[in-house]
Amino acid sequence: MGCGGREKMEESQVRIGERAWLPFLRARRYMQSRQSLLEYSLTQYFKEAERYRT
């Protein structure tokens, strides 16, 4: 992936009581899954649009 600084930030932990969280990593995974869902639904939309156009 790259420069190194960013990976460190994503691995930085936030401790709440006994548990350690990785908020940056979680946020990135969440955004990636949202993005792929969006791309999938757009693809479906355009396939439907093509069907009606012809």
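These are my notes from a look through a predicted model of one chain.

**Layout.** I started with the secondary structure and found two helices and two strands. Reading from the N terminus, I get the order α-β-β-α. I noted two of these elements for later: strand E2 covers residues 19-21, and helix H2 takes in residues 23-53.

**Burial and surface.** Next I checked how much of the chain is tucked away. Of its 54 residues, 4% count as buried. The exposed area comes to about 5,300 Å², and I see 58% of that supplied by carbon and sulfur atoms.

**Nonpolar patch.** Which residues make the nonpolar surface patch of about 440 Å²? I listed Leu-38, Leu-42, Tyr-45 and Phe-46. I then picked out Leu-38, which sits in helix H2. Its relative accessible area is 46%, so I filed Leu-38 as partly exposed. That value is over the 30% that a patch residue needs.

**Trp-21.** I moved on to strand E2, where Trp-21 has its place. Is Trp-21 buried or partly exposed? I read a relative accessible area of 26% for Trp-21. Buried would mean under 20%, so Trp-21 goes down as partly exposed.

**Contacts of Trp-21.** What does Trp-21 touch, leaving aside its neighbours within four places in sequence? I wrote down Ser-12, Gln-13, Val-14 and Ile-16, along with Arg-26. For Arg-26, I also noted that residue 26 falls within the range of helix H2, residues 23-53.

Definitions and conventions
Residues numbered from 1 in each chain as written. Predicted model: local features only at pLDDT ≥ 70, side-chain atom pairs only at ≥ 80, totals over all residues. Heavy atoms only, no water. Helix = DSSP H or I, 4+ residues; strand = E, 2+ residues; numbered from the N terminus. Buried < 20%, exposed > 50% of the residue type's maximum accessible area, 1.4 Å probe, protein only. Areas by Shrake-Rupley, 256 points an atom, 1.4 Å probe, with all protein chains shown as cover. Patch = residues over 30% accessible without salt bridge, like charges linked within 9 Å, V, L, I, M, F, W, Y side chains within 5 Å. Salt bridge = Lys/Arg side-chain N within 4 Å of Asp/Glu carboxyl O. Contact = heavy atoms within 4.5 Å.
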